[in-house]
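Thanks for coming. I'll talk through one protein chain, and you can follow on the screen.

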Amino acid sequence: MQSRESPSSKQDPQGLNKYVSQVLDYVVDRFAQGQKEVIPSLAAEKLKLSSVEILGLFMLLEDKGILQHFYRVYCRNKDAPLCDVADKEDIPEQIPCKFCGDEHGEIDVDVEVVFRINAEKLTDLLRKRAVA
Ligand SMILES: [Zn+2]
C-alpha cells in the first residue's frame, strides 16, 4: 500500500504559487530598475533557488507571455557578448570577434539563456494585480 501522506511539494499549488509570485516580484523589480532582461543565474542567486527551479519558473512566466527566452553568445576569452539568437541552432558557425580579434565558432563560445521582459504584458498584469 502506498502511504497517503506523501504530499510532494511540487504538487502543492500553494507552494508553487509562492515561488511564482517571488519570481514575478523579482522580474517586476528588475523592470522597475530599467532592465529589459532577466538572467536565470542571477535570479537564482538572488532568490536562493537552483538554476533548474528558476528556469522552470521563468518558463511558466514565458507561458503567460511575460518573458521570452533567447540565447546570448559570449566570447570565451573576454567574456563579452557577441550576439543574441532565438535558437541555439542559429548560432553562426563563424563569428568575427571585435573583443579579442579571433573568429569564434560554436565550440569556443559561452552561451547563456536570457529572458526578455515583455513590458506590455507585465504592465498589464500589474494593473490587474493592483485591482485584485
Ligand atoms: Zn573573442
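Before the sheet, one term: two strands count as paired here if DSSP finds at least two bridges between them. With that in hand, take Arg72, whose bridge partner in strand S3 is Asp84. Tyr74 stands opposite Pro81, again in S3. These belong to the pairing of strand S2, residues 67-75, with S3, where five bridges join two strands that run antiparallel. Please keep in mind that this is a predicted model.

S2 and S3 make a hairpin, and four residues lie between them. In that turn, Asp79 has a positive phi of about 55°.

Now the whole sheet. It is open, it has four strands, and their order is S1-S6-S2-S3, with antiparallel pairing. The edges are S1, residues 37-38, and S3, residues 80-85, and each of these pairs on one side only. As general background, strands of a sheet pair through backbone hydrogen bonds, either parallel or antiparallel.

Stepping back to the chain, the count is four helices and six strands. Along the sequence the pattern reads α-β-α-α-β-β-β-β-β-α. The chain has 132 residues, and 13% of them are buried. Among contacts with a separation of 6 or more, 52% come from residues 24 or more positions apart.

Next, helix H3. How far apart are its end C-alpha atoms? They are 18 Å apart, and this agrees with the span expected for the 13 residues of H3, 51-63, at 1.5 Å a residue, which should be 18 Å. The buried residues in H3 are Ile54, Leu57, Phe58 and Leu61. Seen down the helix axis, the buried residues of H3 fall within an arc of 100°, so they line one face. The general point is that an α-helix has 3.6 residues a turn, so residues three or four places apart point the same way. On the face of H3 turned away from the buried side are Val52 and Asp63, both exposed. Just after H3 comes Gly65, with a positive phi of about 85°.

That brings us to the core. The largest nonpolar core has 13 residues, and the ones that touch the most other members are Val23, Val27, Leu57, Phe58, Leu61, Leu67 and Phe115. Which elements give two or more residues to this core? They are helix H1, residues 13-32, together with H3 and strand S6, residues 109-117. H3 gives the most, with four residues. In general, nonpolar side chains in soluble globular proteins tend to be buried together.

Phe115 deserves a second look. Setting aside neighbours within four places in sequence, Phe115 is in contact with Glu37, Val38, Phe58, Glu62, Leu67, Gln68 and His69.

Last, a loop residue. Leu49 sits in the loop between helix H2, residues 40-47, and H3. Is Leu49 buried, exposed or partly exposed? A residue needs 20 or more other C-beta atoms within 10 Å to be called buried, and Leu49 has 19, so Leu49 is partly exposed. With neighbours within four places left out, Leu49 is in contact with Ala44 and Ile54. Tyr19 is 30 residues from Leu49 along the chain, and their C-alpha atoms are separated by 9.4 Å.

That's the tour; I'll take questions.

How values were computed
Residues are numbered from 1 along each chain as its sequence is written. This is a predicted model: local features need pLDDT of at least 70, side-chain atom pairs count only at pLDDT 80 or more; totals for chains, interfaces and linings use all residues. The expected span of a helix is 1.5 Å times one less than its number of residues. A residue is buried if 20 or more other C-beta atoms lie within 10 Å of its own, exposed if 12 or fewer, and partly exposed in between; C-beta atoms are placed from the backbone. The arc is that of the directions from the helix axis to the C-beta atoms. A nonpolar core is a set of buried Ala, Val, Leu, Ile, Met, Phe, Trp, Tyr and Cys residues joined through C-beta atoms within 7 Å. Two residues are in contact if their C-beta atoms, placed from the backbone, lie within 7 Å.
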